[in-house]
Protein chains: 6
Amino acid sequence: MSTDPQSPKGKGTRLTHLDEKGAAHMVDVSQKPVTTRKATAKGLIEMTAATRDLVMASALKKGDALATARIAGIMAAKRTADLVPLCHPLSLSAIRIDFEACAEGIEMTATVSTCERTGVEMEALTAVSVAALTLYDMAKAVERSMRIGQIRLVSKEGGASGDYHETA
Amino acid sequence: MSTDPQSPKGKGTRLTHLDEKGAAHMVDVSQKPVTTRKATAKGLIEMTAATRDLVMASALKKGDALATARIAGIMAAKRTADLVPLCHPLSLSAIRIDFEACAEGIEMTATVSTCERTGVEMEALTAVSVAALTLYDMAKAVERSMRIGQIRLVSKEGGASGDYHETA
Amino acid sequence: MSTDPQSPKGKGTRLTHLDEKGAAHMVDVSQKPVTTRKATAKGLIEMTAATRDLVMASALKKGDALATARIAGIMAAKRTADLVPLCHPLSLSAIRIDFEACAEGIEMTATVSTCERTGVEMEALTAVSVAALTLYDMAKAVERSMRIGQIRLVSKEGGASGDYHETA
Amino acid sequence: MSTDPQSPKGKGTRLTHLDEKGAAHMVDVSQKPVTTRKATAKGLIEMTAATRDLVMASALKKGDALATARIAGIMAAKRTADLVPLCHPLSLSAIRIDFEACAEGIEMTATVSTCERTGVEMEALTAVSVAALTLYDMAKAVERSMRIGQIRLVSKEGGASGDYHETA
Amino acid sequence: MSTDPQSPKGKGTRLTHLDEKGAAHMVDVSQKPVTTRKATAKGLIEMTAATRDLVMASALKKGDALATARIAGIMAAKRTADLVPLCHPLSLSAIRIDFEACAEGIEMTATVSTCERTGVEMEALTAVSVAALTLYDMAKAVERSMRIGQIRLVSKEGGASGDYHETA
Amino acid sequence: MSTDPQSPKGKGTRLTHLDEKGAAHMVDVSQKPVTTRKATAKGLIEMTAATRDLVMASALKKGDALATARIAGIMAAKRTADLVPLCHPLSLSAIRIDFEACAEGIEMTATVSTCERTGVEMEALTAVSVAALTLYDMAKAVERSMRIGQIRLVSKEGGASGDYHETA
């Protein structure tokens with residue numbers, strides 16, 4: 001039985017991006033239908049409360065700290081296929097990135113949509129990763145020991161492999 | 001007193017990448033000396049032991065799994081200034097990325113060197129992040145709940161702001 | 001009443017690319033139909049008659065002056081979504097750029113077509129802008145006081161928001 | 001006599017970026033000294049007072065309108081050699097972009113510095129052009145008849161060809 | 001008579017990418033149907049048997065030599081429209097690249113698929129070219145006199161202009 | 001003995017771009033001196049005399065055929081490190097590309113210069129390759145059986161590994 005979303009039927013035995021000889025290739029999606037697909041990813045950049053407050057306060061005072069990270073994440077999502085070698089180039093129909101202060105630092109959430117033959121999980125994860133790198137860059141003169149983590153897929157809708165929602 | 005490497009003298013009070021009005025800018029490094037600089041970053045992609053073994057075994061069997069992630073990380077390091085808005089474009093003199101299987105999954109280490117007016121921390125962190133995204137992409141059909149984390153600067157040498165070594 | 005094409009119904013009150021909190025996002029076009037769309041933009045690079053004649057004569061004598069600017073504009077149109085942060089990545093079906101000498105310098109006209117869910121105004125405007133920058137670059141050793149201007153949308157066809165034609 | 005900065009000695013008779021047969025090439029700067037260079041460019045995006053107030057107010061209310069355009073301009077400056085075919089790839093040491101509301105719309109000023117063998121006029125002009133395109137993109141749903149103009153070099157310092165300052 | 005696939009009817013008299021005045025443009029494909037298309041290209045990098053054996057042996061010993069060239073070719077295929085000025089930007093549905101040792105060196109074969117309005121010959125040829133350049137780069141310290149050649153279209157399927165198969 | 005330029009001392013036994021475990025890395029050039037370096041590469045695109053005459057005549061009649069290929073080659077040279085995974089990003093000081101009709105088709109020659117810690121062979125070879133791909137693209141509607149070949153390094157000057165000149 002294979003209803004576990006982590007291990008879809010028949011796929012668990014080998015890496016689909018490598019062929020039978022182990023060679024990397026961009027897998028053929030030409031037989032997959034064009035459907036509306038959406039993916040959301042999250043991540044966390046851990047920092048001291050002082051650094052976090054500096055970043056969030058900058059935003060409150062009309063500074064560009066969060067805007068810079070948001071724009072970097074949006075632009076990176078559009079360049080996912082240029083960064084991740086085996087990703088398919090896709091037209092994206094929507095991208096949004098949100099930031100929220102939490103006890104450990106700043107949590108980022110990215111949601112990406114498309115009408116294509118394959119999903120946009122990598123685009124959402126790339127948006128989160130580059131937004132986090134941009135926050136790190138802007139705050140690194142204040143705190144070098146920040147740490148980027150908890151980057152993961154939170155949900156995925158549309159497409160033949162079924163929906164996915166992170167288990168709490 | 002401010003000998004703590006995380007909080008260098010006089011820098012802790014504001015984000016250097018924003019000016020006095022809060023506007024983002026690429027900070028002026030033209031007065032900084034050209035020196036040899038090196039930075040190392042680490043990160044972890046957490047996955048089940050089964051997925052980890054699949055990835056590592058593919059590499060053992062001459063498959064391209066780790067090579068693909070390594071090349072993606074190296075190419076991303078070269079594109080850091082194109083991804084992180086306020087990073088300076090730099091000539092890089094060396095890049096290397098290593099992978100090691102551990103209990104939680106696969107640990108990545110990237111080391112980048114340059115002879116320039118500013119450091120390469122962001123290049124090392126970007127290399128780790130994109131290598132991790134590439135591993136995620138290749139293994140996601142097997143396990144969607146992988147998680148990328150612990151992305152951090154491990155050490156930094158050269159440059160006026162002093163060396164930095166992660167405290168264990 | 002709001003039939004004026006410059007100020008479409010209900011849109012005049014806020015910037016659509018910012019959400020209710022002011023955060024930038026790439027707006028969702030997934031519900032918009034795929035249709036054939038075309039946009040034309042114009043711009044002018046002002047220069048002395050001597051510089052203009054040098055550029056145009058170079059073209060007449062088989063020199064690459066206009067060809068270089070034309071290729072730069074065509075390639076930039078294809079990279080619009082990589083330059084303008086909130087633009088959607090699009091497949092383009094045609095691009096052309098024309099140059100015409102006039103009293104003030106050289107006028108550029110770019111026309112771009114697509115079959116997509118959103119229009120190509122930004123692609124046409126980007127083509128004109130980068131063609132103009134390229135002419136500036138090639139002629140700047142002769143005249144530094146050139147001036148790029150009058151970059152504007154001339155017409156737009158296809159899509160739900162209606163056609164647009166510049167009023168003379 | 002040739003002290004006029006627009007027409008430096010011996011350069012007025014042909015386009016330096018084309019060889020004697022008219023073929024485009026990237027001119028050889030290997031014999032030029034590495035010096036500190038700076039360039040400032042300006043441009044204007046004309047819009048109705050209502051649109052201008054919407055953009056500026058968004059910025060006042062912590063919206064990302066100007067931040068998005070500023071980041072787009074900074075990133076475009078770093079990609080100048082990738083957009084303008086005959087520009088030399090350069091390490092840039094500083095980039096800043098400012099916006100100011102004026103009667104006709106919003107005026108943009110970009111300043112770029114480098115320590116290289118050639119100047120950064122094109123980088124400053126490209127930053128202004130792409131910042132203007134980004135503002136156009138964000139405000140186009142409100143007003144399609146905006147017009148980008150007055151893009152010009154305001155000043156240039158450093159390098160063998162002498163300083164240049166726009167005459168008022 | 002003109003049923004020869006190399007010289008389709010009415011096309012032999014001028015270059016379709018130049019208009020009647022000789023100006024380059026991206027030809028309009030908006031009236032062409034979206035169909036599944038595939039192209040295969042081949043090329044050869046000539047080298048001494050010693051160099052060839054070094055490259056192939058490295059692959060046998062789990063080294064990254066061929067994997068690096070394969071990834072470079074796949075990523076270059078996705079960037080074809082960014083490299084070849086008059087190519088249309090396309091969504092690609094599959095890319096694969098194979099290497100085979102032969103008497104003269106190493107032969108490369110790239111196959112690319114799409115569901116678009118135009119074919120992917122240029123994507124397959126670009127993949128082969130950049131894979132060859134990457135092999136050259138990795139082996140050039142051993143042998144500078146390697147030679148890249150025989151880059152050609154082997155077959156093409158789908159699209160209005162008919163299938164094409166290289167004649168033996 | 002090892003004065004043969006093709007097989008510099010001690011280098012012939014392994015691929016320098018792979019470490020002792022076979023992992024690809026960007027080799028460290030930080031200890032190499034900054035010197036002026038130049039490289040020239042050649043290549044040939046074979047075509048029928050009819051196609052060749054069409055391309056050359058287009059150029060004679062002020063058409064953009066050769067200019068488009070030349071600009072594509074120059075822009076590709078600047079992007080070499082973005083295409084060839086283990087190439088170092090470099091500032092280039094000059095690039096030129098020439099075309100010459102010959103019995104078999106059109107021969108291309110690219111010369112690239114730099115003042116850096118490593119040479120520009122790959123930049124010259126990349127310029128030739130992409131110029132050839134662009135010619136193929138423009139003439140492919142006329143002749144699909146063109147063939148790109150004889151891409152090779154012709155000469156190399158500057159740098160510790162010594163000059164190299166192709167043996168006739």
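How many salt bridges does a search of the whole structure find over all chains? The count is 60. Bear in mind as you click around that this is a predicted model. We'll stop at several of those bridges, then visit a few single residues.

**Stop 1: chains A and E**

Start by selecting chains A and E. Lay chain A on chain E and you get an RMSD of 0.0 Å, using a turn of 120° and a shift of 0.0 Å along the axis. The two copies are therefore related as by a three-fold rotation axis. To see where chain A comes closest to that axis, pick A:Ser91: its C-alpha sits 4.5 Å away.

**Stop 2: a bridge between D and A**

Now show the side chains of D:Asp64 and A:Arg70. They meet in a salt bridge, with 2.5 Å from N to O. D:Asp64 lies in the loop between α1 (49-60) and α2 (65-78) of chain D, while A:Arg70 is in helix α2 (residues 65-78) of chain A, so this pair joins two chains. Are the partners buried or exposed? D:Asp64 has 5% relative accessibility and so counts as buried. A:Arg70, at 9%, counts as buried too.

**Stop 3: a bridge between D and C**

Next, select D:Glu166 and C:Arg147. Their side chains form a salt bridge of 3.2 Å, N to O. Here D:Glu166 belongs to the segment after β5 (164-165) of chain D and C:Arg147 to strand β4 (residues 147-157) of chain C, so again the pair joins two chains. The surroundings are more open to solvent probes on paper: D:Glu166 counts as partly exposed at 27% relative accessibility, and C:Arg147 is partly exposed, also at 27%.

**Stop 4: a network of four**

Select A:Arg79, B:Asp82, C:Asp82 and D:Arg79 together. These four residues are linked in a network of salt bridges.

**Stop 5: helix α4 in chain D**

Hide the rest and show residues 121-139 of chain D, which make up helix α4. How many of the residues of α4(D) are buried? The answer is 19 of 19, so to speak of this helix as mostly covered is fair. Try a distance check from end to end: at 1.5 Å a residue, the 19 residues should span 27 Å, and the end C-alpha atoms are indeed 27 Å apart, so the two agree.

**Stop 6: Asp137 in chains A and B**

Move to A:Asp137, in helix α4 (residues 121-139) of chain A. UniProt, in an unreviewed entry, places the feature "active site" at this residue. A:Asp137 is buried, with a relative accessible area of 2%. Which residues does A:Asp137 touch, not counting those up to four places away in sequence? Select B:His17, B:Val84, B:Leu86, B:Cys87 and B:Met122 to see them.

Then jump to B:Asp137. Its side chain meets that of B:Lys140 in a salt bridge of 2.8 Å, N to O. Both B:Asp137 and B:Lys140 are buried.

**Stop 7: B:Arg152**

Center the view on B:Arg152, in strand β4 (residues 147-157) of chain B. B:Arg152 is buried, with a relative accessible area of 10%. Leaving out residues up to four places away in sequence, B:Arg152 touches residues of chain A, A:Met146 and A:Arg147, and a set in chain B: B:Thr40, B:Ala41, B:Lys42, B:Gly43, B:Glu107, B:Leu125 and B:Glu166. Zoom in on B:Glu166, whose side chain makes a polar contact of 2.5 Å with the side chain of B:Arg152. For a sense of scale, draw a line from B:Arg152 to B:Ala72: they are 80 residues apart along the chain, and their C-alpha atoms are separated by 19 Å.

**Stop 8: Gln150 in chains A and C**

Finish with some backbone angles. A:Gln150, in strand β4 (residues 147-157) of chain A, has a positive phi of about 55° although it is not a glycine. The side of the story about exposure: A:Gln150 is partly exposed, with a relative accessible area of 36%.

Select C:Gln150 next, in strand β4 of chain C. Phi of C:Gln150 is also positive, near 55°. At 35% relative accessibility, C:Gln150 counts as partly exposed.

Key. Residues are numbered from 1 along each chain as its sequence is written. Chains are lettered from A and ligands numbered from 1 in the order in which they are written. This is a predicted model: local features need pLDDT of at least 70, side-chain atom pairs count only at pLDDT 80 or more; totals for chains, interfaces and linings use all residues. Side-chain values use heavy atoms; hydrogens and water are left out. Helices (H or I, at least four residues) and strands (E, at least two) are DSSP runs, numbered from the N terminus. The expected span of a helix is 1.5 Å times one less than its number of residues. Buried means under 20% relative accessible area, exposed over 50%, partly exposed in between (1.4 Å probe, protein chains only). Copies are superposed by least squares on the C-alpha atoms of residues with pLDDT of at least 70 in both. Contact means heavy atoms within 4.5 Å. A polar contact is a pair of N or O atoms within 3.5 Å; within protein, one must be able to donate a hydrogen and the other to accept it, and residues adjacent in sequence count only if both atoms are side-chain atoms. UniProt positions are given in the numbering used here, feature names are shortened, and annotations may be inferred rather than shown by experiment.
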